Every structure is written in structure tokens, then in C-alpha cells.
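Student: I would like to go through this model by its helix packing, its sheet and one side chain. Can we take it in short questions?

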Amino acid sequence: MKDKRLRGMLSNLSCQLAIPKEVRKTGNQHMQKIFLTLQKYSNYKLSRCRLLGGVGKKTSISLKFDYDCVIYVNNVDPPFKELLGEWNGILNHHLRNISGIIKVTNYSVQFEVDGFKFDILPASNYTGSINKTESQANIIYKKISQEKMDSKKKDIAYLYSSGLSELALKFMKKQSGFIHDLCRLAKFWNCTIVFDQYVSGRSSIIEYLAVKAGQDEEESTINRKRSILSAFRRFLSYLADYNQINIIFTDVYDESLIMKCEKPYLIDPTNPYNNFLDRVPHDFLPTLAKCSNETLNRLYKCGNNGLIEYEKLFDPQPNLRNSFKDNSDITSINTMISTIEINEKIIETIQKFINRSFYGEENQSK
């Protein structure tokens, strides 16, 4: 398969993975209803609601997404335990179409409404009439810095991060459509990689590595057309050589705010105190490195064997069904069962896309 055709297929695949507009519209309507319900019955003053996460930044894929909604609250600082408890009570009493139970964590309330998964996070509001002389970001940076130095409060410093959500949206809005396409492709690949532990910030790690790969591709293609295939290879190469990752974005803050750290590091583009790679499980990056090398090898084979190899490009790693033969850990098995469901959707999506691209049909087997 020639690179030109492979580039076209990867680009089209990314577009196919975007969440349909009608789905986004329905989800946004639910989000607005949730916010107005909380605003009406809460004893706290709720300033505004912002859609964050991949859905808000338009980098989520239709196979797997949830609604991360940040609600800005006046005159309240972390921790948000009492506030979240109040919201839990309000939603249970006044929102009738919730499926199952509401889960309350240290930083959010999580629940499902008509098939949409919501993660509602409170954030301290320091703008508008609250503070007219200093920006929301600068106030939060000072508070994080102060609390990290206080042994009694350093564990809650991360709770201020939700207050930077509007900056995260602005950061991604500045990125090109090409970079958004690459982010979706990278997240699609991420869904095919099995890792049986929860990794905080996993989606953000993948997203911002893709942003960097896309930026580097755009900077290097002044005299040639940018390529999603080349950018995807860059993304995989970063992970394959993860020990050398040293990525800092300085669109929002001055680099002097960043604390010294050793490689690998991927600094949050809106929070200079947050290295996404700081708290990942020790075998997470080595696992991604191994899978990245395998995908790079598959991409090489696509150039020689065309369609046959393209159908295998996003096969799950490792083979989940084979993993059951030697795995007696119930927790791991439960994790893999849910991952199999996602990967079956991935395989189905890939097959439909290939059939459309090569045969002009939804399902060649029919």
C-alpha cells in the first residue's frame, strides 16, 4: 500500500471517529439541565459550567467518551467534600433519569443519564466580581505553590486544577484541525492497548503527546504537505523512546514556574506544577513503548502488503483472548472483559471503514 493511500485512510478514519453532532447536542442538553438543577437547589453560588475533557476539546472518539463538566463555584476552596455531598443529594432527589447509582469521589460526582456518562467537577471561581485585578490562573498557581509547601495541605493541591479548565479549552482551540484529527487517531490507538491498572490522566497523556507530534510535524513541513501518517509515527516514536520525553508547553505560563524534574516529563500545558508522567504505574510506559514499536512495525508492513496488513494495524495488544489462558487474577480478568467489549467495537469500526474505503459498502460479508 502506497503511503499516499495509507495517509488518506488514516485521515478518513480519524474523521469517522468524531462524535456525531446530534450526539453532542443531546449530551450538551443534558449537561445544561444538570447545571441548572444544581444551580437552583444548591446553597452555594454556582457561577458557570464548562464542558471539559475530550468532548469539550473535540478530541474524543465516539467509541468511548464521557462528559467532564466543570462547575465554577464562588467563595469556596478545596477540598470540596461538603459541596460534593450536597450535589449528590440534589441530583438523587431532583434528577429523575439517572441510571444506577451516583458515585462520589474526592473531586467529582459521577453518574449516567440516558446513556451519557457524566463526571461533574467543582472548581473555585476567582474571577469577575470575586477578583478584578488578578487572573484566575495566577491566583491558582499561587495557591498550588503555597499548599505544596505545606505538608498538611500538599495532598489537596491537585484539586485546584479544575479551575484551569477554561485555559485547557483555549489551548486546544488554538491547535489546528490537523492536530485534532491526530489526537483522535492516537486515542483510538490507545483504546486498543490493554493495561490492567487505572492510570490517572491516561487520556491526557495520549492527547498532549499527539499535540506535540502534530506541532512538530507542522513545523517540519513548511516546504511540504503535512502528513497524518508521519505525525502518527512521531507520536509512536515518542512513546517507543519514552525515557527521552521532555515536553513543555509555554503557551499559558512562564517556564520559570516549572519545578525541576528528570526525564521523562510531560508538563500540563495549563498547570506548570503537574507532570503527567510523574505518577503513572512503573510498567505503564514500558508497555506503551512495546506496543508502539509493534504498531510502527505494522505501519511498515502496510507499505508492502496493503489491505491485509491494514486490517491488522489496530488489532488489540496483547491478544486479549490468549491472555485468559494464563491469567488467574480476577481483577485483571474483569478489566480485560470490559476492554474486550471496547476492542470488539474497534474491530467492527475498522472493518466497516475498510469496506467503505475499498469496496464502497458498509459490510462486505453481507
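The exchange below concerns a predicted model.

Student: How is α8 placed relative to α9: parallel, antiparallel, perpendicular or oblique?
Tutor: Two packed helices are described by the angle between their axes and the distance between the axes. Helix α8 (residues 202-219) and helix α9 (residues 228-240) have axes that come within 8 Å and cross at roughly 130 degrees. An angle over 145 would count as roughly antiparallel and 65 to 115 as roughly perpendicular. The crossing falls in neither range, so α8 is to α9 oblique.

Student: Which hand does the crossing of α8 and α9 have, left or right?
Tutor: On the α8 side the contact is made by I206, L209, A210, K212, A213, D216 and E217, and on the α9 side by S230, A231, R234, F235, Y238 and L239. By class, this contact has eight nonpolar, one polar and four charged residues. The way α8 passes α9 is right-handed.

Student: How is α1 oriented against α7?
Tutor: The axes of helix α1 (residues 3-17) and helix α7 (residues 177-191) come within 9 Å. They cross at roughly 85 degrees, and the range 65 to 115 counts as roughly perpendicular. Therefore α1 is, with respect to α7, roughly perpendicular.

Student: How many nonpolar residues does the contact of α1 with α7 have?
Tutor: From α1, the residues L10, L13, S14, C15 and L17 take part, and they meet D181, L182, R184, L185 and F188 of α7. One residue of the contact is polar and two are charged. The number of nonpolar residues is seven.

Student: Which strands are at the edges of the sheet?
Tutor: Five strands form an open sheet with mixed pairing, in the order β1-β2-β5-β4-β3. Neighbouring strands in it are turned by 20 degrees against each other on average, direction ignored. An edge strand pairs on one side only, and the strands that do so are β1 (46-51) and β3 (98-104).

Student: Which residue of β2 is the bridge partner of R50?
Tutor: Strand β1 and strand β2 (residues 67-74) run antiparallel and are joined by five bridges. In β2, the bridge partner of R50 is V70.

Student: Is T37 buried or exposed?
Tutor: T37 lies in helix α2 (residues 21-41). Leaving aside neighbours within four places in sequence, T37 is in contact with I90, H94 and L95. Its relative accessibility is 11%, and the cut-off is under 20%, so T37 counts as buried.

Technical notes: Residues numbered from 1 in each chain as written. Predicted model: local features only at pLDDT ≥ 70, side-chain atom pairs only at ≥ 80, totals over all residues. Heavy atoms only, no water. Axes fitted to C-alpha atoms, helices over the stretch in contact; angles between N-to-C directions. Helix = DSSP H or I, 4+ residues; strand = E, 2+ residues; numbered from the N terminus. Parallel < 35°, antiparallel > 145°, perpendicular 65-115°, else oblique. Left-handed = near helix turned anticlockwise from the far one by under 90°. Contact = heavy atoms within 4.5 Å. Nonpolar A, V, L, I, M, F, W, Y, C, P; charged D, E, K, R; others polar. Pairing = 2+ DSSP bridges. Buried < 20%, exposed > 50% of the residue type's maximum accessible area, 1.4 Å probe, protein only.
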